[in-house]
Amino acid sequence: MGGSHIYDMIVVGGGPGGYTAALYAARAGLDTLVLEKLSAGGQMALTEAIENYPGFEDGIDGFTLAEKMQRQAERFGAGSEYAQVERMDLSASPKVLETSEGTFYARTVVLATGAGPRQLGLPGEAALTGRGVAYCAACDGMRYKDRTVVVVGGGNSAAADALLLSRIAGKVILVHRRDTLRATKVYHAPLMQAENLEFRWNSTVTELLHGDALTGVRLKDRNTGAETEVPCDGLFISIGRTPATEWAAGQLELDQNGYIRADETTKTSLPGVYAVGDVRTKPLRQVVTAVADGATAAHMAEEYLAEGV
Ligand code: NAP
């Protein structure tokens, strides 16, 4: 619960970047609290298998890794509170965080709010979510056992989702607006080899066909303009992420896509405020780069507090 207590650091968001900042801050003796709205892990917790985080040679599921990170930070004294942040005043001294569980105060704030799935923006998309439209193959894939699904996108998420779904669904149709994937090479061969996977290149989804639930999609060939109806039971939209920074407008410098401007130091445009993980401007959004940010942010906050603010 909130109160008049002033923390040395409040971390907003309990993903890998957030809990690493808390771990390093707690170990440096800072009075640290993590505010998380649901459960630890952020987007990572929705990932079935993380194969590229060093130290887990057989891979690890994101939920388990998130719990481990939380427990590790808590072992050194970091606290966790399940609260939805509703408003922040990051210029105030101390900084003010109004949440569903009361108001919290801190000398430094680490923003680790991550990024959520981007939407296609088609009519009916929101209403059909959970009724055929999905954004997470690891979470919802099993619902489509032996059925037909369409995956949209050409990046690592779409490639990973299409591969995962090819092991569950009867048929997978990967729809991409270009003629090549931007996904890393490691995905290309297994995708080409999956016998139940079909590619629809240079195509976009222009309409969701449905009754109460999704029944298909209309595709448009970007070269010829030809439209086709593709019956399917599920549509997995894997077209990237948008940063969770609605609340930051007017307080912090953002880039044109809404990411918080911060360099390798994780310092934002406001003193004592740091941005880590997927929410900040950076070339590679991975668990390993998020945790690196977390460590850096704690170090920067420690220096800032030592200056006697
Ligand atoms: P991404 O790399 O930004 O790729 C998004 C894909 O969706 C692109 O192919 C893009 O097309 C397409 N797209 C975007 N908006 C679209 C729209 N409105 N309609 C149709 N297609 C659209 O996003 P991501 O694949 O979600 O990956 C996000 C980050 O997570 C990346 O840094 C990625 O490396 C990382 N990630 C890594 C792994 C892994 O390493 N195993 C797994 C998942 C995610 P264009 O190509 O035309 O731009």
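Strand E1 (6–12) is joined to strand E6 (residues 102–111) by 6 bridges, and the two run parallel; here helices (H or I, at least four residues) and strands (E, at least two) are DSSP runs numbered from the N terminus, and two strands count as paired if DSSP finds at least two bridges between them. The model is a predicted one, in which local features need pLDDT of at least 70 and side-chain atom pairs count only at pLDDT 80 or more, while totals for chains, interfaces and linings use all residues. Residues are numbered from 1 along each chain as its sequence is written, and side-chain values use heavy atoms, with hydrogens and water left out.

Within the pairing of E1 and E6, Val 11 has Val 110 as its bridge partner. E1 also pairs with strand E2 (residues 32–36), again in the parallel sense, over 4 bridges, and there Met 9 is matched with Thr 32. Together with helix H1, strands E1 and E2 form a right-handed β-α-β unit; right-handed means that, with the strands pointing away from the viewer, the path from the first strand over the helix to the second runs clockwise. Of the 7 residues in E1, 6 are buried, that is, under 20% relative accessible area with a 1.4 Å probe and protein chains only.

Those strand residues lead on to the interior. The largest nonpolar core (buried Ala, Val, Leu, Ile, Met, Phe, Trp, Tyr and Cys residues joined through side-chain atoms within 4.5 Å) holds 32 residues, and Met 9, Val 11, Met 69 and Val 110 have the most contacts inside it. Two or more residues each come from E1, helix H1 (16–27), helix H2 (62–75) and helix H7 (287–306), with H7 giving the largest share, 8 residues. Beyond its neighbours within four places in sequence, Met 9 is in contact (heavy atoms within 4.5 Å) with residues including Ala 21, Leu 33, Val 110 and Ala 298. A second, separate core of 22 residues includes Ala 159, Ala 162, Leu 165 and Ile 168.

On a wider view, the domain assignment, automatic or from a database, gives domain 1 (6–116 + 241–306) and domain 2 (119–237). Their C-alpha centres lie 32 Å apart, and 4 residues of domain 1 are in contact with 5 residues of domain 2. The buried area (accessible area, 1.4 Å probe, that two parts lose on being put together, summed over both) is about 290 Å², with carbon and sulfur atoms giving 58%. On the domain 1 side, Leu 46, Glu 48 and Arg 241 supply 94% of the area buried against domain 2, more than any other three residues.

Note on methods: Buried < 20%, exposed > 50% of the residue type's maximum accessible area, 1.4 Å probe, protein only.
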